[in-house]
Structure formats: C-alpha cells, structure tokens
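Trainee: I should like to learn how to read the features of a protein model. May we go through one together?

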Amino acid sequence: MGIFRHRVMITNATTQQAAQVDCIVDTGSTYLWLPEDVLRSLGVQPTLKRRLKLATGQVIERPATEVLVTLNGETLSVVCIFGEAGSDPLLGSLPLEAFSLAVDPVNKRLVPAISYLA
C-alpha cells in the first residue's frame, strides 16, 4: 500500500490545549498512538490501560486515555495510546472508522467510507 501521513489536531478536552500532529496512517494498527511526550505537553494524563500485540508477536500493556481528535473538520473523542517518547504517531483503524474514513492506497489519502449496517 505504501506509507503516507495525515495531519490531525489533538486536543486535551479538559484544558483545550491542542497540537497538530502528522500521523502515519496505519490500518494494521487498532488505536491512535501518540508519543508520550506529545501527550504530556498537552497536559493529557493516562486514565486507561490497553493490552497490545506488536508486529513481533510481543504483547505489551500501555497507558491510554481519550483525547479529542479533529480530522477533516469533524471532532470526536478517541482512545489514544501513550507511545514511547519519540515514537512515530500512528492513526489506526478505530479512529478511521469512527470518522467514516477509508484509505485510498493508490493516491495515498483518506477518503469518505460507506459504513454497512446489517
């Protein structure tokens, strides 16, 4: 598919501190993953924990919380994993689905998705 990035606005719902972050769009990841130093600079504190299976097969547990994400003019609350400081920000499948977005791998961009209800 190729790697591409998409810029999102991350906001601390309590303090309204915000930052724009260029995330790697990664449909193989589940959650939004942001470096801990970025989240702490916005005053975001962990409130949850999530178990994650890495590509290596290793299972880890990381702190998490909800942050406000603005993407394409829409703002939603999204579960965000506290990644290691300096790690690459990742925009995973759950936030993409929440925003009804799909990946256009040819043009390397996000496009509106059609959701199915069975």
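**Reading charged pairs, cysteines and contacts**

Mentor: Let us begin with a single residue: R7 counts as partly exposed, because its relative accessibility is 48%. Please bear in mind throughout that this is a predicted model.

Trainee: With which residue does R7 form a salt bridge?

Mentor: The general idea comes first. Side chains of opposite charge can pair when their charged atoms come close. In this structure, the partner of R7 is D22, and the closest N and O atoms of the two are 3.0 Å apart. D22 is partly exposed as well, with a relative accessible area of 34%.

Trainee: Which parts of the chain does the pair of R7 and D22 tie together?

Mentor: R7 belongs to strand 1 (residues 5-11) and D22 to strand 2 (residues 18-25), so the salt bridge ties together parts that are 15 residues apart in sequence.

Trainee: How many salt bridges does the structure hold?

Mentor: It holds five. One of them joins the side chains of E36 and R40, at 3.1 Å from N to O. Here both residues lie in helix 1 (residues 36-41), four residues apart, which is about one turn of the helix. E36 has a relative accessible area of 27% and is partly exposed; R40, at 38% relative accessibility, is also classed as partly exposed.

Trainee: Where do E61 and K49 lie in the chain?

Mentor: These two residues form a salt bridge, with their closest N and O atoms 3.9 Å apart. The pair links distant parts of the chain, as E61 is in strand 5 (residues 59-71) and K49 is in strand 4 (residues 48-53), twelve residues apart. E61 is partly exposed at 48% relative accessibility, whereas K49 is exposed, with a relative accessible area of 57%.

Trainee: Let us turn to the cysteines. How many disulfides does a search of the whole structure find?

Mentor: A disulfide is a covalent bond between the sulfur atoms of two cysteines. In this model the search finds zero disulfides.

Trainee: Why is the sulfur of C23 not bonded to that of C80?

Mentor: The closest cysteine sulfur to that of C23 is the one in C80, and it is 8.4 Å away, which is too far for a bond. A disulfide would require the two sulfur atoms to be within 2.5 Å. Seen from the other side, C80 is in no disulfide, and its nearest cysteine sulfur is that of C23.

Trainee: Are C23 and C80 buried or exposed?

Mentor: C23 is buried, with a relative accessible area of 0%. C80 is likewise buried, and its relative accessible area is 0%.

Trainee: Which residues is C80 in contact with, leaving aside its neighbours within four places in sequence?

Mentor: C80 is found in strand 6 (residues 74-83). Apart from those neighbours, it is in contact with L32, L34, L39, P63, A64, T65 and V67. T65, one of these residues, lies in strand 5.

Trainee: What polar contact does the side chain of T65 make with another side chain?

Mentor: The side chain of T65 makes a polar contact with that of T47, at 3.1 Å. In addition, a polar atom of the T65 side chain lies 3.2 Å from the backbone oxygen of Q45. T65 counts as buried, because its relative accessibility is 5%. Beyond its neighbours within four places in sequence, T65 is in contact with several residues, among them V44, P46, L48, V78 and F82.

Notes
Residues are numbered from 1 along each chain as its sequence is written. This is a predicted model: local features need pLDDT of at least 70, side-chain atom pairs count only at pLDDT 80 or more; totals for chains, interfaces and linings use all residues. Side-chain values use heavy atoms; hydrogens and water are left out. Buried means under 20% relative accessible area, exposed over 50%, partly exposed in between (1.4 Å probe, protein chains only). A salt bridge is a side-chain nitrogen of Lys or Arg within 4 Å of a carboxyl oxygen of Asp or Glu. Helices (H or I, at least four residues) and strands (E, at least two) are DSSP runs, numbered from the N terminus. Contact means heavy atoms within 4.5 Å. A polar contact is a pair of N or O atoms within 3.5 Å; within protein, one must be able to donate a hydrogen and the other to accept it, and residues adjacent in sequence count only if both atoms are side-chain atoms.
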